[in-house]
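Trainee: I would be grateful for a close look at one pair of packed helices and at a single residue in their contact.

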Amino acid sequence: MNPHPLSASLEAGLQALNLTLPPLAPAQLLAYLDLISRWNKVYNLTAIRDPQEMLSQHLLDCLALVGPLDEAAAQRPAAAAPWRLLDVGSGAGLPGVVLAICRPAWSVTCVDTVAKKASFIRQVGAELGLANLNATHQRVEAMVEPPFELITSRAFASLVDFVTLSRARLAQGGQWVAMKAKLQEAEQAEVPADVVIQRVQPLQVPGLAAERCLVWLASR
């Protein structure tokens, strides 16, 4: 079987990020990209059409989140169960599907208000055998699932909307992690008084010159 045309680019990106993945993960990530491309022809999951650009602007961008989450997971008590993670406004599953592939022990739930996007994520989970991936079509503020230790978002909304809409789904002692291009002072100033920005962590995404960061937040 011929190697996937993006295999070498993905491997180079993983090395640049110093990421170690489960044996099946690289092939699953590339199969996921192929599924996005296939569904994109009908459902317009993303405006990016070129596979190489999808790799850098979507896949590697989300893979840059895995290392920081690993570091945060390592700081949890040894007896703590693996993370239950909620990805808000997941769209095509970015970063939720990527996290589910890379870290099979984590339970990942993706929520989106667009039915076709939730359906796509379910199809990805079925085709790639991701038993730890769930997708739900609803508004995050309407969810009734038990609280999550970690809530992520990528280009979902302003920080104030992100934390306000998902607040009821955050477990006590849990954290929000927002993927941002850059945190503006005005957006930072709008964060509710009972929510603290713990840190803003710069990210370096292989192949991308644009600024990227993670904003870690928690309830006071």
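Mentor: The account below moves from the whole chain to the helix pair and then to the residue. The model is predicted: local features need pLDDT of at least 70, side-chain atom pairs count only at pLDDT 80 or more, and totals for chains, interfaces and linings use all residues. Residues are numbered from 1 along each chain as its sequence is written, and side-chain values use heavy atoms, leaving out hydrogens and water.

The protein chain has eight helices and seven strands (DSSP runs numbered from the N terminus: helices are H or I of at least four residues, strands E of at least two). Of its 220 residues, 50% count as buried, that is, under 20% relative accessible area with a 1.4 Å probe, protein chains only.

Helix α2, residues 25–43, packs against helix α6, residues 115–128, at an angle of about 145°, and their axes are 11 Å apart. Axes here are lines fitted to C-alpha atoms over the stretch in contact, and angles run from 0 to 180 degrees between N-to-C directions. Contact means heavy atoms within 4.5 Å; among the residues making it are W39 and Y43 of α2 and K116 and F120 of α6.

K116 lies in helix α6. Its relative accessible area is 33%, so K116 is partly exposed, the class between under 20% and over 50%. Leaving aside neighbours within four places in sequence, K116 is in contact with W39 and Y43. A polar atom of the K116 side chain lies 3.1 Å from the backbone oxygen of Y43.

Note on methods: Polar contact = N/O pair within 3.5 Å; in protein donor to acceptor, adjacent residues only side chain to side chain.
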